[in-house]
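Me: I'm new to this one, so please slow down on a single part: the surface near the DNA. Take me through it closely, and then show me how it fits with the rest.

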2 protein chains.
Amino acid sequence: MSLLQLAQSLNLSKSTVSRALNGYADVSPATRERVIKAAKEMGYRPNPLATRLAKGKTHAIATILPLSSSHTFITPAFSQLLAGACDELSRYDYQLLVSSLPESVRELDLYQNYIDGGMADGLFVMRTQKQDARIQLLQERKFPVICHGSVDKNVPISTIDTDNYQAFYHITEHYLQQGLDKIALFDGPQPLTLSQQRCAGFMGAMHAYEQPMIQHWMQYLQLSEDAGYQAAHNILQEKERPQAILCANDTMAIGVISACKKVGLRVGQDIFVSGYGNYDQGRYCSPPLTTISYDAYAVGKMMASMMMAQLSNPDTEIQHKVVETQLIVRDS
Amino acid sequence: MSLLQLAQSLNLSKSTVSRALNGYADVSPATRERVIKAAKEMGYRPNPLATRLAKGKTHAIATILPLSSSHTFITPAFSQLLAGACDELSRYDYQLLVSSLPESVRELDLYQNYIDGGMADGLFVMRTQKQDARIQLLQERKFPVICHGSVDKNVPISTIDTDNYQAFYHITEHYLQQGLDKIALFDGPQPLTLSQQRCAGFMGAMHAYEQPMIQHWMQYLQLSEDAGYQAAHNILQEKERPQAILCANDTMAIGVISACKKVGLRVGQDIFVSGYGNYDQGRYCSPPLTTISYDAYAVGKMMASMMMAQLSNPDTEIQHKVVETQLIVRDS
DNA sequence: TTGTAAGCGTTATCAG
DNA sequence: CTGATAACGCTTACAA
């Protein structure tokens, strides 16, 4: 059932029917009613492909999964974020296009594809980096983007992120106030802006409390259990060991806890460990993990609505949203 | 840069250029080479919307997230599955369309939308039910579908699922062989085919070992921690209590373990608990959870390739793939 | 208020 | 082998 068929069955032209259906003003109430009624009866559905071709909009926002080759898959936080984005987009009749990065494809090529491929009206970029080639590319081409993670001040792209600095300042302070001042930081991969902010938060607190920092206790690691295990295992061999280890996410913290147990330390007594993200795995590990929590679903929704705002009005002001985090103190 | 522009710059017609680019035979090698070279130089990219409109194919497969209103979000298994599907689809230049079910929308309406909305060439249906209205709808309209979960024998739709019967037969047998014969089954929601198969597997083993089953120890529950906790808490009040509780997934099992601890039972000694899915949360809970594992990423890939097969040839035989599971015995 | 006709960027059918 | 020309189904000036 196409627009043409519907129009013919009503003895009207395609344009009139189109206008009636799309709520344009210049169509008589009587006609409009007739059209709408017929459309409903005959079960007419506009072909979205045709609409989009005509309008030059795809009504889709794409995001590239940070996964699969590394076999780490989606973190719980990311899947909540996806759900939030999905829900919000659907309110605007937009779709979420999820694509993965196949082994054989270079990441930038995939972005390039989206830029001049016309498959999406905008892109969500996750986990920004300090000198992010993706951002640079997208911005040069003026492709609509919302980032999860910061970008350079002079780059006119809207972003959203948790308050990484504040979160790590806070948790550092938490341990310091308990008299634990020998603290290690197992940060995320160095290029990520979130890692740098967390590091800054940690150092900020250490400075404020006039605590010395031990260089090789501050490490940039992969966000994996294994990386956490290895690094902790190494450090804990030394004569002097930290009283607390702050990890960049819960997964890494789980690995650190294993290493602590391995060398006979009681987590929550001899040594303390914290994570980030408030994943299930941390809630149920032993001892339950002290962590930093935030509402990833809400972040996803926000990314979607920021995107919609930008698409509907390209002059929308750039904004950098900062999301509150919450320290969840458990037994670790 | 459109096809027309490219053609003009080469003094050729659109059709010739199109044919050259799409690898049709009836174009001279010289021309083809010239066209391909120019296309590359000028950075020509076909507009996918136009291609799809002309071809009548969207090159997208949709799936509807089982989530968000319930705020349970995506299970780890499901996100791995998504990643697998995504990866495989991309090899065929297909996209994965992820949509959620907004609060205000009826599930069937959303499916209806996909059927006559022309937004996707096929649909992945997850967690089939016994009398599944979605399946019925899709099948009536002959919409291409691959199901995760069984369907009625006479319904001509391809499916893939883990071997639920076998898995639960096996784990039941595992406990029985250890002399634990008072076993409870906390199954998933009754309408799900997977619940019924697991129940059958459990009963099969109990029969084979000539063990009586206790009716009210066999319950259909939500796949949530809370449901597990409540149900276990109730049952454990009674004078006679089970020696083992088989749960429909790891999340539920976590709840059951909490309840056991609450009433002072030592899991792994006084009572045993198992899950399904091999989620992280089970690997790290205390004691580590005995569970049933399978390769969800591979399942996703398979669903994608089954879909591709069906789309490329509608006469492809219906198949029902069964995926092996693996019993992972830990301390619970 | 309605209709005509020209796009949107491809593919596909037929002549030549 | 190549080129018109008509789809695909919709939107949108511009006329009437």
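Reply: Let's sort out some words before we start: Ala, Val, Leu, Ile, Met, Phe, Trp, Tyr, Cys and Pro count as nonpolar, Asp, Glu, Lys and Arg as charged, and the others, Gly among them, as polar. Also keep in mind that you're looking at a predicted model.

Let's take DNA strand D to begin with. It is surrounded by 26 residues, and the closest are A:Leu3, A:Ser15, A:Ala50, B:Ser15 and B:Ser28. If you go by elements, those giving two or more residues to this surface are α1 (3-9), α2 (14-21) and α4 (48-55) in chain A, plus α2 and α4 (48-55) in chain B. The largest share is that of α4(A), with five residues. By type, the surface near DNA strand D splits into 10 nonpolar, 11 polar and five charged residues.

Now swing over to DNA strand C. Here there are 25 residues around the strand, and A:Ser15, B:Leu3, B:Ser15, B:Ala50 and B:Ala54 come nearest. Two or more residues each are given by α2 and α4 of chain A and by α1 (3-9), α2 and α4 of chain B. On this strand it is α4(B) that gives the most, again five residues. The types here come to 10 nonpolar, 11 polar and four charged.

So what relates the two protein chains? A turn of 180 degrees with a shift of 0.1 Å along the axis lays chain A on chain B, with an RMSD of 0.1 Å. The two copies are therefore related as by a two-fold rotation axis.

The chains also touch each other, and chain A and chain B each put 39 residues into that contact. On chain A's side, at least two residues each come from α4, α5 (76-91), β2 (95-99), α6 (107-117) and α12 (280-283). Of these, α5(A) supplies the largest share, eight residues. Chain A's side divides into 19 nonpolar, 14 polar and six charged residues. And 100% of the interface residues of chain A are interface residues in chain B too, so the copies meet through the same surface. You'll notice that α4 of chain A turns up in both places: it gives residues to the side that touches chain B, and it gives five residues to the surface near DNA strand D.

Let's go back to α2 and see what it packs against within chain B. The axes of helix α2 (residues 14-21) and helix α3 (residues 29-42) of chain B come within 9 Å and cross at roughly 85 degrees. That crossing makes α2(B) roughly perpendicular to α3(B). From α2(B), the contact uses B:Thr16, B:Val17, B:Ala20 and B:Leu21, and from α3(B) it uses B:Thr31, B:Arg32, B:Val35, B:Ile36 and B:Ala39. Sorted by type, that's six nonpolar, two polar and one charged.

One last step back, for the wider setting. The domain assignment of chain A gives domain 1 (3-46), domain 2 (60-161 + 297-323) and domain 3 (164-293). Taken over C-alpha atoms, the centres of domain 1 and domain 2 of chain A are 37 Å apart.

Conventions
Residues are numbered from 1 along each chain as its sequence is written. Chains are lettered from A and ligands numbered from 1 in the order in which they are written. This is a predicted model: local features need pLDDT of at least 70, side-chain atom pairs count only at pLDDT 80 or more; totals for chains, interfaces and linings use all residues. Axes are lines fitted to C-alpha atoms, for helices over the stretch in contact, and angles run from 0 to 180 degrees between N-to-C directions. Helices (H or I, at least four residues) and strands (E, at least two) are DSSP runs, numbered from the N terminus. Angles under 35 degrees count as roughly parallel, over 145 as roughly antiparallel, 65 to 115 as roughly perpendicular and the rest as oblique. Two residues are in contact if their C-beta atoms, placed from the backbone, lie within 7 Å. Domain bounds come from an automatic or database domain assignment. A residue is near a molecule or strand if its C-beta atom, placed from the backbone, lies within 6 Å of it. Copies are superposed by least squares on the C-alpha atoms of residues with pLDDT of at least 70 in both.
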